[in-house]
Amino acid sequence: MALATQKQRYTETEYLDLERQAEYKSEYADGELFAMAGASEEHNLIVTNCVISLGTQLKDKPCKVYANDMRVHIQATGRYTYPDIVVVCGDAEFIDDKRDTLTNPTLIIEVLSDTTEAYDRGDKFGNFRTLPSLQTYVLISQDKPHLELFERQTEGVWQLREYKDSGLAPLAAIGCELSLVEVYDKLEFPAHETDS
């Protein structure tokens, strides 16, 4: 008979101490650490394309774009996560003087994968919605040209708009837009077989 083993639990302070010295990134939720996996070529190209597009559009605006390594702390739930892309407009607020854990994102973008899609759509988005500063949440498919744009309307109400193929998604909260042609630049998708 196998004995059940208890998972190691960490405080937020212990997590930050470990994470700041770790070779690999981990997210934190409810006292547990969750190692982050590597990303596919498609995922990396989409992130890079978005960062280039947004960075260019935000050049003369009071907004900053962060990719992959900017940790976000969700105070209401105690969660720490690494979104694919974060934009903050106005002064960036951090949990301490190390300036590696942001607390006030304006926009968050996640590129979906088979292993993270349910989490990005569900629990992660639920946590992000508790951030008072967050105005826009974007989910981008890496399997086909498809972008889902969630915008905060009023307290607790988010509006979804979808963009496909060569659409243009306006990001009103940061005064920019994402062209799907640019988002998917250099990506190739298999041709869909048609039924005869």
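This is a short tour of the model on your screen, going from cysteines to a hairpin to aromatic rings.

Before you click, note that the model is predicted, so local features need pLDDT of at least 70 and side-chain atom pairs count only at pLDDT 80 or more, while totals for chains, interfaces and linings use all residues. Residues are numbered from 1 along each chain as its sequence is written, and side-chain values use heavy atoms, with hydrogens and water left out.

**Stop 1: the cysteines**

Select Cys63 and Cys89 and show their side chains: a disulfide joins them, S to S 2.0 Å. The rule here is a pair of cysteine sulfur atoms within 2.5 Å, and by that rule the count comes to one disulfide. Turn the view along the S-S bond and you'll find a right-handed link, with 105° about that bond. Now switch on the cartoon. Cys63 lies in strand E3 (residues 63-67) and Cys89 in strand E6 (residues 85-89), so the link ties together parts that are 26 residues apart in sequence. Strand and helix labels are DSSP runs numbered from the N terminus, with at least two residues for a strand (E) and at least four for a helix (H or I).

Put a surface on next. Cys63 is buried, at a relative accessible area of 13%, whereas Cys89 is partly exposed at 24%. The cut-offs are under 20% relative accessible area for buried, over 50% for exposed and in between for partly exposed, using a 1.4 Å probe and protein chains only.

Add Cys50, which is in no disulfide; its nearest cysteine sulfur belongs to Cys176, 11 Å away. Cys50 is buried too, at 0% relative accessibility. Cys176 is likewise in no disulfide, and the nearest cysteine sulfur to it is that of Cys63, 6.9 Å away. Expect to peel back the surface for Cys176 as well: it counts as buried, with a relative accessible area of 7%.

**Stop 2: a hairpin**

Go to strands E1 (residues 26-29) and E2 (residues 32-35), which pair in the antiparallel sense over four bridges. Pairing asks for at least two bridges found by DSSP between the strands. Pick Glu27 and look across to E2: the residue opposite is Phe34. Then step to the turn, where two residues sit between the strands and Asp30 takes a positive phi near 50°.

**Stop 3: the rings**

Colour Phe, Tyr and Trp. The structure holds nine aromatic pairs, where ring centres (the six-membered ring for Trp) must lie within 6.5 Å, and planes under 30 degrees apart are stacked, over 60 edge-to-face and the rest tilted.

Centre on Phe125 and Tyr137, a stacked pair at 4.4 Å centre to centre with 15° between the planes. Phe125 is in helix H4 (residues 123-128) and Tyr137 in strand E9 (residues 136-140), twelve residues apart. Phe125 is buried at 5% relative accessibility, and Tyr137 is buried at 0%.

Keep Phe125 and add Trp158: their centres are 5.5 Å apart and the planes stand at 80°, so this pair is edge-to-face. Trp158 sits in strand E11 (residues 157-164), 33 residues from Phe125, and Trp158 is buried as well. Widen the selection to Phe125, Phe128, Tyr137, Phe150 and Trp158, and you have one aromatic cluster.

**Stop 4: charges over rings**

Show Arg129, whose charged end sits over the ring of Phe125, 4.5 Å from its centre. Finish at Lys25, which lies over the face of Tyr82 at 5.0 Å from the ring centre. Such a contact needs NZ of Lys or CZ of Arg within 6 Å of the ring centre and within 35 degrees of the ring normal.
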